[in-house]
Amino acid sequence: MIRIKDVAQIAILAVIIFGIEAALMFLPNVQVTVLLIVVYSKVFNLKKSILIVTIYTILDNLLFLNIYYLPFMLVGWLVIPVSLNTVFKKVNNVYILATLSIFYVLFYSLMYVVADVIILKIGFLERMLSDSIFVMIFIVSSFVSILWLYEPLKKLILKLEEKL
């Protein structure tokens, strides 16, 4: 059974991801979405992390009318909480988490490539090459944000969690 506190917390955390992503839209592919999902995945259990990511993804797709991309985006993001709550459950080293973010960004980006190949009938290689600079920016912003902000953000969320 899920408590009212959990429902409110899940909604707020999902909106935080969405809000920060929207605030950074003027910088192409510079975002802290991977950082936030990594922190949430390490602080909260798998169920709560999956709900946060799912709500964020639905909200993002509905607001920006990208509904066709929903399943691809959802799979791309859900790899983070699933892997961090299973295979990488014991990984807490910020350098390893930052390195994992490279693979998370590549997988997420690949999901968009697959979506475009299927939906827009674009050639796979052309789509990969056309987006490569933006993927690199996404990788760097995710890697650096985890290195710089993971520990303080995790401590803040844990401190807030104690008070609730």
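## Exercises on helix packing and buried residues

Helix α1 passes helix α2 in a right-handed crossing. The exercises below concern a predicted model.

**Exercise 1.** Determine how α1 and α2 are oriented to one another, and which residues form their contact.

*Solution.*
Step 1. Two packed helices are described by the angle between their axes and the distance between the axes.
Step 2. For α1 (residues 4-23) and α2 (residues 33-43), the axes come within 10 Å and cross at roughly 165°. Because angles over 145 degrees count as roughly antiparallel, α1 is roughly antiparallel to α2.
Step 3. On the α1 side, the contact uses L13, I16, I17, I20 and E21; these meet T33, L36, I37 and Y40 of α2. By class, the contact divides into seven nonpolar residues, one polar and one charged.

**Exercise 2.** Establish how far α2 is covered, and which elements cover its buried residues.

*Solution.*
Step 1. Of the 11 residues of α2, 11 are buried, and the helix is mostly covered.
Step 2. The buried residues include T33, L36, I37 and Y40, each of which also takes part in the contact with α1.
Step 3. K42 of α2 is likewise among the buried residues.
Step 4. The cover over the buried residues of α2 includes α1, α3 (46-63), α4, α5 and α7.

**Exercise 3.** Describe the packing of α4 against α5 by angle, hand and residue class.

*Solution.*
Step 1. The axes of α4 (residues 70-84) and α5 (residues 94-119) come within 8 Å and cross at roughly 155°. With the limit for roughly antiparallel set at over 145 degrees, α4 is therefore roughly antiparallel to α5.
Step 2. The crossing of α4 with α5 is right-handed.
Step 3. Among the α4 residues in the contact are F72, M73, W77 and I80, and α5 contributes residues including L100, Y104, Y108 and Y112.
Step 4. Sorted by class, the contact has 18 nonpolar residues, two polar and no charged ones.

**Exercise 4.** Characterise the aromatic pair formed by W77 and F138, and place the pair in its surroundings.

*Solution.*
Step 1. The structure holds seven aromatic pairs. In the pair of W77 with F138, the ring centres are 6.3 Å apart and the planes stand at 75° to one another. Because planes over 60 degrees apart count as edge-to-face, the pair is edge-to-face.
Step 2. W77 lies in α4 and F138 in helix α7 (residues 132-163); they are 61 residues apart, and the pair links distant parts of the chain.
Step 3. The relative accessible area is 1% for W77 and 2% for F138, and residues under 20% count as buried. Both W77 and F138 are therefore buried.
Step 4. Ring pairs join W77 and F138 with Y56, Y69, Y108 and Y112 in a cluster.

**Exercise 5.** State whether D6, N29 and K121 are buried, partly exposed or exposed, and describe the setting of each.

*Solution.*
Step 1. D6 belongs to helix α1. Its relative accessible area is 9%, and D6 is buried. Between D6 and K48 the C-alpha to C-alpha distance is 8.1 Å, while the two are 42 residues apart in sequence.
Step 2. N29 is found in the loop between α1 and α2. Its phi is near 65°, a positive value in a residue other than glycine. With a relative accessible area of 26%, N29 is partly exposed.
Step 3. K121 sits in the loop between α5 and α6 (124-130). K121 also has a positive phi, of about 60°, although it is not a glycine. With a relative accessible area of 68%, K121 is exposed.

Conventions:
Residues are numbered from 1 along each chain as its sequence is written. This is a predicted model: local features need pLDDT of at least 70, side-chain atom pairs count only at pLDDT 80 or more; totals for chains, interfaces and linings use all residues. Side-chain values use heavy atoms; hydrogens and water are left out. Axes are lines fitted to C-alpha atoms, for helices over the stretch in contact, and angles run from 0 to 180 degrees between N-to-C directions. Helices (H or I, at least four residues) and strands (E, at least two) are DSSP runs, numbered from the N terminus. Angles under 35 degrees count as roughly parallel, over 145 as roughly antiparallel, 65 to 115 as roughly perpendicular and the rest as oblique. A crossing is left-handed if the near helix is turned anticlockwise from the far one by less than a right angle, and right-handed if clockwise. Contact means heavy atoms within 4.5 Å. Ala, Val, Leu, Ile, Met, Phe, Trp, Tyr, Cys and Pro count as nonpolar, Asp, Glu, Lys and Arg as charged, and the others, Gly among them, as polar. Rings of Phe, Tyr and Trp (its six-membered ring) pair if their centres lie within 6.5 Å; planes under 30 degrees apart count as stacked, over 60 as edge-to-face and the rest as tilted. Buried means under 20% relative accessible area, exposed over 50%, partly exposed in between (1.4 Å probe, protein chains only).
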